[in-house]
Structures are given as structure tokens and as C-alpha cells.
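Open the model in your viewer and keep the selection box at hand. Each stop says what to pick and what is there.

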Amino acid sequence: MQVYLVGGAVRDQLLGNKPRENDYVVVGSTPDEMKKQGYKQVGKDFPVFLHPKTHEEYALARTERKSGKGYHGFSTNFSPTITLEEDLMRRDLTINAIAQDESGHIIDPYHGQDDLKNQVLKHVSDAFVEDPLRVLRVARFQAMLPEFNIDQSTMAMMQHICNHPDEMTSLSHERIWIEILKASQFKAFDLFWSVLDQSGCLSALNIKLDCTKLSAILNASKLEGYWRLSACLWQQPQCIPSFLDLNPPGELKQCLLIILNKHETILNPHQLSASEILQVLRSIDPFRRPERAEQIMSTVKASSTEVYNFWTKMIQAVLTVDTTQIAKNTEPKMIAQQIETARINAIKHLL
């Protein structure tokens with residue numbers, strides 16, 4: 001049994017960065033042997049185990065063969081006779097196919113160190129084309145390493161994958177959003193979308209987005225995570241339905257629905273009455289979901305500081321209404337009406 005540190009941890013070390021997490025490959029072992037040593041298997045069909053003390057992931061060396069469509073369309077072999085080189089060959093990019101043994105020696109059969117030096121994102125083997133998820137992963141690595149360039153042959157493979165939309169649409173919405181969230185953590189989030197556009201992935205997934213405008217929008221916004229996407233879509237509300245079709249995570253979905261339905265109203269607040277302003281504020285909901293309201297307002301700020309200031313003042317005004325005191329001094333059936341009247345009056349005071 002031989003254990004190797006692999007993938008992102010080795011890549012990050014070679015780039016001079018602190019690894020985010022450690023992943024290991026085990027060569028020459030079996031599930032029964034791993035369990036006997038105290039490792040806990042994760043999942044039924046996948047040979048990944050948690051270390052009994054560190055809880056880091058240890059995967060048995062494996063090979064994969066395409067047996068169906070999409071990300072899950074593979075049959076896996078994890079025999080103890082599989083070599084480290086065979087395991088590394090199934091990986092996506094050469095920079096992620098580098099291993100390190102327990103003595104610190106680097107094993108690099110696919111010249112990932114050269115590609116790190118030359119700042120190139122390049123596929124390991126022709127098997128790259130079998131997994132549609134790799135299009136999204138390469139786009140994410142481009143956002144993480146903006147100074148790198150995607151090898152022309154790798155981009156050609158990505159375009160080939162996207163020319164078969166049934167492969168891309170076989171990806172689960174959850175998996176797509178995981179990649180979007182990971183990419184959103186990087187400053188060059190706009191490059192993620194540009195690569196998806198260039199590869200044809202946006203078209204294959206029926207996502208509509210003008211990528212030429214994203215850099216300026218994202219640079220002007222201090223939002224993080226999914227909310228950076230909401231800042232982009234604030235400028236392109238006509239594109240929101242295509243993202244809603246991908247069933248985004250709950251809070252983001254609510255935010256996108258608000259942008260879609262209230263975009264013009266929020267941008268033209270001076271035409272609204274006090275009761276209409278309160279109606280908009282109810283949809284933003286600073287009363288029960290202050291974090292969501294703050295994110296939406298930050299999204300607005302990326303478009304117009306003046307509009308942002310208007311709505312921020314309105315939010316502050318309605319939040320000064322002492323609903324607890326009103327509830328104490330009002331008949332139960334009249335409480336909701338009295339609170340609404342107080343909030344409308346607070347808004348009128350600012351108009």
C-alpha cells in the first residue's frame with residue numbers, strides 16, 4: 001500500500017500557495033484493507049475513505065470508462081493493480097495530475113509542472129472529452145488562475161463537448177451551481193463566464209448572458225459568492241429567466257425573482273407613492289430577512305448609488321417603527337393595519 005498526495009494540494013504548493021485541502025490516492029489496497037486500518041468509507045459505490053484521525057479523504061487508485069451520458073456515465077475500476085500513473089491519467093488538467101509521495105518526491109508523468117511554469121491549462125488525455133463537467137471546471141480554474149491561458153486543443157475539446165447539448169444538459173442543476181459558487185469566490189469571476197461563452201457552454205445550457213459587460217460590474221461590486229451573479233443580472237434582467245430554469249439555490253432564487261419583477265420599479269422610485277414604496281420593501285423584506293435586503297441593496301448600488309441611497313433611507317425609516325410598542329397598545333385585529341400606517345407615515349416623512 002502506497003499513499004500519495006494528489007491534485008490541488010500539490011498544485012497549490014508548487015504555485016507557492018497554501019493548499020485549501022489535502023486529497024490522497026492509495027495504490028495497492030482494497031476497501032476491506034482500508035476498513036481494517038480504521039478508514040471509514042464514504043458512499044457505497046465510490047472508493048473514497050476518511051482517515052480515522054484527520055478525516056481527510058483517501059481514494060483508492062482507479063480508472064474510469066465511459067458507459068453512458070453525462071457526469072455520472074462512467075464505470076469505475078479500483079483494483080489494487082491500478083498504478084498511480086493510470087489514476088492520474090483520468091484527471092482533467094495536467095496541473096491537477098501531479099502527485100507527491102510520503103518522502104516529498106514529485107511524480108509528474110503528464111508534465112504538469114511545465115504547464116504551471118508556462119501558465120497553461122491543458123487536458124491530460126483524450127478522455128477529457130468524456131466528462132461534460134470538465135467544461136465548467138476549466139472555466140473555474142481560469143477564474144482562479146487568470147494569468148493562465150487555455151490550451152487551444154483543450155478549448156477545442158470543450159467546444160466539442162458543448163456541441164453535444166445532451167451531454168451538458170445531463171449535468172444536474174445542483175452540480176452546475178456548485179461550480180458557479182466555487183468560481184464566484186475568485187476575483188476574475190467574469191473569466192468563468194467568458195470561458196463558458198467561448199466554449200459554447202452557455203448556449204448548450206440555454207443560459208443568456210452578455211459577458212462583455214461583466215468585468216466592470218464585478219469590479220464595482222463588493223458582493224461575494226452567488227450575490228456577485230445577482231449584480232451581473234441586475235444589469236441584464238432579461239437574462240434572469242434562463243438562470244431560473246437552472247433552479248438556483250433558495251436565497252439567490254428569491255433575489256433573482258425580486259430583480260426580475262421589481263427591476264424597473266426599484267430604478268424609478270421617485271414615481272412611487274409611500275404605499276407603493278412600502279410594497280417594494282415588503283418584497284425585499286428587511287423586516288425578517290435583513291441579510292437578503294442588504295445583498296439586494298448592494299446589488300442595486302453596483303448600478304446606481306443614487307437609487308441605492310434612496311432605498312437605504314427608506315429601509316432605515318421603516319425599521320425605526322416600534323412594532324412591539326404598537327402591538328402593546330393596539331387591539332389584536334388592528335395591529336397589522338397600525339404597523340402599516342406607521343411605516344407609510346415614516347416613508348412620507350422622507351418624500
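Buried means under 20% relative accessible area, exposed over 50%, and partly exposed in between. Keep those cut-offs in mind, and remember that this is a predicted model.

**Stop 1: helix H9**

Select residues 189-199, which form helix H9. Which residues of helix H9 are buried? They are Phe189, Asp190, Phe192, Trp193, Val195, Leu196 and Ser199. Now step just past the end of H9, to glycine 200. Glycine 200 has a positive phi, about 95°.

**Stop 2: the largest nonpolar core**

Stay with Phe192, Trp193 and Leu196, and add Met168, Phe243 and Trp311. These six touch the most other members of the largest nonpolar core, which has 95 residues. Helix H5, residues 133-144, supplies the largest share of this core, with 8 residues. Another core lies apart from it, with 13 residues. Val25, Ala97, Ile107 and Tyr110 are among the members of that other core.

Centre on phenylalanine 192. What does it touch beyond four places in sequence? Its contacts are Leu136, Ala139, Arg140, Ala143, Glu179, Ile180 and Ala183.

**Stop 3: arginine 140**

Pick arginine 140 from that set; it sits in helix H5. Is arginine 140 buried or exposed? Its relative accessible area is 9%, under the 20% cut-off, so arginine 140 counts as buried. Show its surroundings, leaving out neighbours within four places in sequence: Glu179, Lys182, Ala183, Phe186 and Phe192 are in contact with arginine 140.

**Stop 4: threonine 94 and lysine 122**

Jump to threonine 94, in the loop between helix H3 (84-89) and strand S8 (99-100). Threonine 94 is buried, at 3% relative accessible area. Draw a distance from its side chain to that of aspartate 115: a polar contact of 2.6 Å joins them. Beyond four places in sequence, threonine 94 touches Tyr110, Gly112, Asp115, Lys122, His123 and Val124.

Move on to lysine 122, in the loop between strand S10 (120-121) and H5. Lysine 122 has a relative accessibility of 33%. That value falls between the 20% and 50% cut-offs, so lysine 122 is partly exposed. Sequence neighbours up to four places away aside, lysine 122 touches Asp92, Leu93, Thr94, Asp115, Asp151 and Thr154. Add isoleucine 95 to the selection. Its C-alpha atom is 7.8 Å from that of lysine 122, though 27 residues separate the two along the chain.

**Stop 5: two positive phi values**

Most residues other than glycine have a negative phi. Two residues here are worth a look in a torsion plot. Histidine 111 has a positive phi, near 60°. Find histidine 111 in the loop between strand S9 (106-107) and helix H4 (112-118). Then go to aspartate 285, where phi is also positive and near 60°. Aspartate 285 lies in the loop between helix H15 (274-284) and H16. With 3% relative accessibility, aspartate 285 is buried.

**Stop 6: the second largest pocket**

Next, follow the chain into H16. Which helix gives the largest share of the lining of the second largest pocket? Helix H16, residues 290-301, does, with 4 residues. The volume of this pocket is about 290 Å³. To show the lining, select Ala220, Ser221, Lys222, Leu223, Glu224, Trp227, Glu294, Gln295, Ser298, Lys301, Ala302 and Tyr308. Colour them by class: 5 are nonpolar, 3 polar and 4 charged.

**Stop 7: aspartate 210**

Select aspartate 210, in the loop between helix H10 (201-204) and helix H11 (214-220). It is partly exposed, with 29% relative accessible area. The side chains of aspartate 210 and threonine 212 make a polar contact of 2.6 Å. Now add cysteine 239, 29 residues from aspartate 210 along the chain. Their C-alpha atoms are 8.7 Å apart.

**Stop 8: asparagine 22**

Finish at asparagine 22, in the loop between helix H1 (8-14) and strand S2 (23-27). Asparagine 22 is partly exposed, at 24%. Its contacts beyond four places in sequence are Leu5, Ala9, Glu56 and Glu57. Which of these should you zoom in on? With glutamate 56, the contact is polar, side chain to side chain, at 3.2 Å. With alanine 9, check the backbone: the C-alpha atoms are 5.5 Å apart, across 13 residues of chain.

Terms used. Residues are numbered from 1 along each chain as its sequence is written. This is a predicted model: local features need pLDDT of at least 70, side-chain atom pairs count only at pLDDT 80 or more; totals for chains, interfaces and linings use all residues. Side-chain values use heavy atoms; hydrogens and water are left out. On a 1 Å grid over the protein atoms alone, a cavity is a set of points where a 1.4 Å probe fits but cannot get out, and a pocket is an open set with protein on both sides within 12 Å along at least five of seven lines; lining residues have an atom within 4 Å of a point. Grid points are joined across faces, edges and corners, and a volume is the space filled by probe spheres set on the points. Ala, Val, Leu, Ile, Met, Phe, Trp, Tyr, Cys and Pro count as nonpolar, Asp, Glu, Lys and Arg as charged, and the others, Gly among them, as polar. A nonpolar core is a set of buried Ala, Val, Leu, Ile, Met, Phe, Trp, Tyr and Cys residues joined through side-chain atoms within 4.5 Å. Buried means under 20% relative accessible area, exposed over 50%, partly exposed in between (1.4 Å probe, protein chains only). Contact means heavy atoms within 4.5 Å. A polar contact is a pair of N or O atoms within 3.5 Å; within protein, one must be able to donate a hydrogen and the other to accept it, and residues adjacent in sequence count only if both atoms are side-chain atoms.
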